[in-house]
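User: I'm new to this one and keep tripping over the vocabulary. Could you take me through why things are called what they are called?

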Amino acid sequence: MPAAPTVTPSAKSCVRSRRSVLVPLTAAVVLAAGTGGWYAVGGSGGSTNGPGGDGGPGEGVAPLARSLHLPWPREGQASVAVEGIGSLGTRGGQKPVPIASVTKVMTAYVILKDHPMRADAPGATVVADQRAADESYSSVETTAPVLAGRKYTQRRLLELMMVPSGNNVARLLARWDAGDEKAFVTKMNRTAAGLGMRATTYTGVSGMETSTRSTAADQLALARAAMKDPAFRQIVATASVTAPGAGVTFRNTNKLLGHDGVIGLKTGSSTPAGGNLVWATRQKVAGADRLVLGVVLHQRAGTTPAEGSAAAHEASRALIAALRAELPTAANRA
């Protein structure tokens with residue numbers, strides 16, 4: 001690939017998908033946690049039944065959700081929760097569905113658990129192997145160029161995996177961490193079980209495999225855990241990243257980033273999976289700066305990845321707009 005300072009190559013979040021363009025946002029995002037902040041305690045997205053709570057496993061929708069009129073997607077499934085308030089609901093049958101490159105949220109989470117990084121730190125040094133280099137310019141999946149034998153920082157590789165959704169980089173990181181991809185997938189499933197993600201099965205590290213399946217509620221649980229890590233928060237808020245030695249700059253596939261307080265998180269699309277988007281936004285609620293997390297899965301499945309991705313973005317944008325308009329008032333009434 002010829003070098004160019006600001007080339008944005010065509011890419012896909014998974015097979016046949018398309019990259020999106022976004023408004024730049026600084027990577028150094030600092031989140032303020034309100035009372036009951038998620039960065040201190042664990043938990044997951046709530047169900048649609050049971051008493052109100054903070055969105056942990058088996059906990060129900062927060063009482064104030066009853067006064068909200070959220071534009072839930074008409075197809076697929078979705079789940080939303082607010083830091084310190086709890087679940088705002090889960091919609092759609094929570095049947096496990098393919099999640100495409102949303103898979104990489106777990107890949108990044110496991111890497112950072114095994115090799116912790118401070119905020120703004122480069123992390124460990126990783127040498128790219130020949131396989132990752134050979135896969136750099138695949139015509140059938142999303143990749144990011146790496147050079148065999150070149151040293152990369154852990155942070156840069158995580159950015160190349162999460163920002164343009166480089167499948168080859170996900171596999172490289174898995175081999176670096178666990179010796180081979182199969183062993184890393186075992187770690188992913190063990191971690192999912194530990195987070196209470198009972199409807200989730202990982203069969204690969206990139207999302208290429210349609211047998212990797214999950215639900216909106218489970219992915220919300222993972223997003224909540226991952227966003228506790230300052231390094232993870234910075235990486236998913238990165239607007240663009242340059243591949244060292246290749247002269248290619250990639251923009252984040254999440255085109256909601258930088259709008260309406262959105263600070264992440266991960267896209268994923270393929271024909272079988274449809275469009276998928278895990279998002280994170282900040283919003284002032286009851287005098288506190290709250291983290292709001294949402295997951296939208298399986299939008300326009302069976303169509304083109306571009307169509308599915310557009311639908312997932314639009315469904316997420318509608319939810320975020322409604323939350324920004326209604327949540328502060330609802331919280332004041334509660």
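Analyst: Happy to. Accessible areas here come from the Shrake-Rupley method with a 1.4 Å probe. By that method the chain's accessible surface is about 12,500 Å², with 53% of it belonging to carbon and sulfur atoms. Keep in mind that this is a predicted model. The chain has eight helices and 11 strands, and 58% of its 334 residues are buried.

User: Why is Leu220 called buried?

Analyst: Buried means under 20% relative accessible area. Leu220 has 2%, so it counts as buried. You'll find Leu220 in helix α6, which covers residues 216-226. Its C-alpha atom is 7.0 Å from that of Leu293, though the two are 73 residues apart along the chain.

User: And what makes Asp120 exposed?

Analyst: The cut-off for exposed is over 50%. Asp120 comes in at 59%, so exposed is the word for it. Asp120 sits in the loop between α1 and β4, and has a positive phi of about 75° without being a glycine.

User: How do you know that Ala286 is exposed?

Analyst: Set its 52% relative accessibility against the cut-off of over 50%, and Ala286 therefore counts as exposed. Ala286 is in the loop between β10 and β11. Ala286 also has a positive phi, about 50°, and is not a glycine.

User: Why is α1 said to be largely enclosed by the rest of the structure?

Analyst: Because nine of its 11 residues are buried. Among them are Lys104, Tyr109 and Leu112. The buried residues of α1 pack against α3, α4, α5, α6, α7 and β9.

User: What makes the crossing of α1 and α6 left-handed?

Analyst: A crossing is left-handed if the near helix is turned anticlockwise from the far one by less than a right angle. The axes of α1 and α6 are 10 Å apart and meet at an angle of about 35°, and their crossing is left-handed. On the α1 side the contact is made by Val105, Met106 and Tyr109, and on the α6 side by Leu222, Ala225 and Ala226.

User: How do you class the residues in that contact of α1 with α6?

Analyst: Ala, Val, Leu, Met and Tyr are among the types that count as nonpolar. The contact therefore has six nonpolar residues, no polar ones and no charged ones.

User: What share of the chain's contacts between residues at least 6 apart in sequence join residues at least 24 apart?

Analyst: Of those contacts, 67% do.

Technical notes
Residues numbered from 1 in each chain as written. Predicted model: local features only at pLDDT ≥ 70, side-chain atom pairs only at ≥ 80, totals over all residues. Heavy atoms only, no water. Helix = DSSP H or I, 4+ residues; strand = E, 2+ residues; numbered from the N terminus. Buried < 20%, exposed > 50% of the residue type's maximum accessible area, 1.4 Å probe, protein only. Contact = heavy atoms within 4.5 Å. Axes fitted to C-alpha atoms, helices over the stretch in contact; angles between N-to-C directions.
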